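Visitor: I am new to this structure and would like a close look at a single part of it. Please take one residue as the starting point and work outward from there.

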Amino acid sequence: HEGQRLMVQVAKDPIGTKGARLTTTISLAGRKLVYLPNDSHIGVSQRIEDAALREELRTLATTVRQKDEKGGYIVRTCAEEGATEQEFLSDMAYLARLWDGIRHRAQEVKKPTLLYQDLTLAQRTLRDMVHEGTAVIEVDDEAEYEALLEFAKHFVPAAVDKLHHYEGERPLFEQYDIDEEIELALGRRVELKSGGYLVFDQTEAMSTIDVNTGAYVGKRDFSDTVFKTNLEAAQVIARQLRLRNLGGIIIVDFIDMAKDEHREAVLSELRRAVSLDRTKMTVSGFNELGLVAMTRKRTRESLAHTLCETCPVCGGRGEIKTARTVCYDILREITRLAKLYKEMKEFRILASQTVIDLLLEEESQALELLQQAIERPILLEVESVYTQEQWDVIIA
């Protein structure tokens, strides 16, 4: 009710024009468990599909939980790789301390304030992504390295020996080609090893991916070329979705395949590849138009929206009007103004150098005909700070 004090959690960050989504169902993530302080439910991540393992993990969490404990837990996907009773106990103790601290702060504050913020990106990476197959974790900042080492000692002991302070001469991102991967993930076109390529387009409503053969023609018939390109595209698409953090509705336009077995193989490969994604995804089959529709849970902005901003020239359209189109816009505006303000003696056009040059050269005849029609002079002036689409008509 109005005036009631509520503790809420941001379940989804603001994305585009949509505001943040809030919930009163608090959940706190640990290494193997998610704590639900206001719910007694014991659940298991839906991404763990093995029924026997799901029941085993649920039983373990139920057994370990203290009898007088009020909260519930959800077993995280990473517990699928093997979770012990001690790991569950450690997680529960940590999450209980964390919740006690949040409740204590909530009772002390008198106005809306931030009670708790999730771990840093580096700490979340250490908590969620380090596993037995992780060889080394390179950190190039000494202060960050020390902080992560301290964090790992308490919450991720298996990562302590894998942490390494990088002191090489080359920047860390350059050493491992991370900058190159970021540039690739921000680009619209992604090349395939076979010679084909993908085209990514991201809009407010959905993202589309177009698969093309490019220069690749193959050594056998064209259907094999298409099949091989689509198979490779399925693998690259799954990786690019993770790198770009694309979410919502995703439409993939594979190259048309005549054989049903080829379509099934490509769809199977796509599902296998996206199954490695930690974010929930669903993949439909080919529809009557030969398109594959997917959904990927969207909780944060995409990489492009995080690292880039809308182009000030085109306003995000990706295109601008040609100089000739702008010239005609200006001439039509002068025609309109001349009818409205018959007492005005002259018109002055302020526009970019490109537009003014076109009016003086190729469109000079149209400009002269307009001057004769309105019986008033039209003056031209270059405005250096204007983009090609910007212009003004000043009447005097």
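In which strand is the place of W391? Please describe that part closely, and then what lies around it.

Guide: This is a predicted model, and what follows was computed from it. The place of W391 is in strand β17, which covers residues 391–395. W391 has a relative accessible area of 25%, so the residue counts as partly exposed.

The contacts of W391 come next. Not counting residues up to four places away in sequence, W391 touches V326, D329, I330, E333, L350, A351 and Y386. Helix α10 is made of residues 323–340, and strand β15 of residues 347–351. One further distance helps to place W391: its C-alpha atom is 16 Å from that of G315, a residue 76 places away along the chain.

Helix α10 also packs against a second helix, α11 (353–360). The axes of α10 and α11 are 9 Å apart, at an angle of about 75°. Angles of 65 to 115 degrees count as roughly perpendicular, and α10 and α11 are therefore roughly perpendicular to each other. On the α10 side, the contact is made by A323, R324, V326, C327, I330 and L331. On the α11 side, T354, V355, L358 and L359 take part. By type, the residues of this contact divide into eight nonpolar, one polar and one charged. V326 and I330 appear here as part of the contact with α11, and both are also touched by W391.

Between strand β15 and helix α11 there is a loop, and S352 has its place in it. S352 has a relative accessible area of 6%, and because buried means under 20%, S352 is buried. Its contacts, leaving aside neighbours within four places in sequence, are V382, E383, Y386, T387, Q388 and Q390. Y386 is in this list, and Y386 is also touched by W391.

On the other side of β15, the loop between α10 and β15 holds K345. K345 has a relative accessibility of 66%, and because exposed means over 50%, K345 counts as exposed. Leaving aside neighbours within four places in sequence, K345 is in contact with R376, P377 and A396. The C-alpha atoms of K345 and A396 are separated by 5.9 Å, although these residues are 51 places apart along the chain.

That covers the surroundings of W391. Empty space elsewhere in the model can be described in a similar way.

Rolling a probe the size of a water molecule over the atoms shows where empty space is left. The second largest pocket holds about 760 Å³ of space. Its lining has 23 residues, and those that lie nearest its centre are Q202, A304, H305, C308 and G316. The elements that give two or more residues to this lining are α6 (178–186), β10 (197–202), β11 (206–212) and α9 (303–307). Of the elements, β10 gives the most, with three residues. The lining divides into eight nonpolar, nine polar and six charged residues.

A search of the whole structure also finds two cavities of 30 Å³ or more. The largest cavity has a volume of about 100 Å³. Residues lining the largest cavity include I15, G16, K18, G247, R298 and R300. Q202 and H305 line the largest cavity as well, and both are among the residues nearest the centre of the second largest pocket. The lining of the largest cavity divides into one nonpolar, six polar and five charged residues.

The second largest cavity has a volume of about 40 Å³. G30, R31, D91, Y94, R127, F151 and F155 form its lining. Helices α2 (85–108) and α4 (142–155) are the elements that give two or more residues to this lining. By type, the lining of the second largest cavity divides into three nonpolar, one polar and three charged residues.

Two loop residues complete the account. D177 lies in the loop between α5 (172–175) and α6, and has a positive phi of about 60° although it is not a glycine. With a relative accessible area of 42%, D177 is partly exposed. N245, in the loop between α7 (222–244) and β12 (248–253), has a phi near 55°, a positive value in a residue other than glycine. N245 counts as partly exposed, at 25% relative accessibility.

Note on methods: Residues are numbered from 1 along each chain as its sequence is written. This is a predicted model: local features need pLDDT of at least 70, side-chain atom pairs count only at pLDDT 80 or more; totals for chains, interfaces and linings use all residues. Side-chain values use heavy atoms; hydrogens and water are left out. Helices (H or I, at least four residues) and strands (E, at least two) are DSSP runs, numbered from the N terminus. Buried means under 20% relative accessible area, exposed over 50%, partly exposed in between (1.4 Å probe, protein chains only). Contact means heavy atoms within 4.5 Å. On a 1 Å grid over the protein atoms alone, a cavity is a set of points where a 1.4 Å probe fits but cannot get out, and a pocket is an open set with protein on both sides within 12 Å along at least five of seven lines; lining residues have an atom within 4 Å of a point. Grid points are joined across faces, edges and corners, and a volume is the space filled by probe spheres set on the points. Ala, Val, Leu, Ile, Met, Phe, Trp, Tyr, Cys and Pro count as nonpolar, Asp, Glu, Lys and Arg as charged, and the others, Gly among them, as polar. Axes are lines fitted to C-alpha atoms, for helices over the stretch in contact, and angles run from 0 to 180 degrees between N-to-C directions. Angles under 35 degrees count as roughly parallel, over 145 as roughly antiparallel, 65 to 115 as roughly perpendicular and the rest as oblique.
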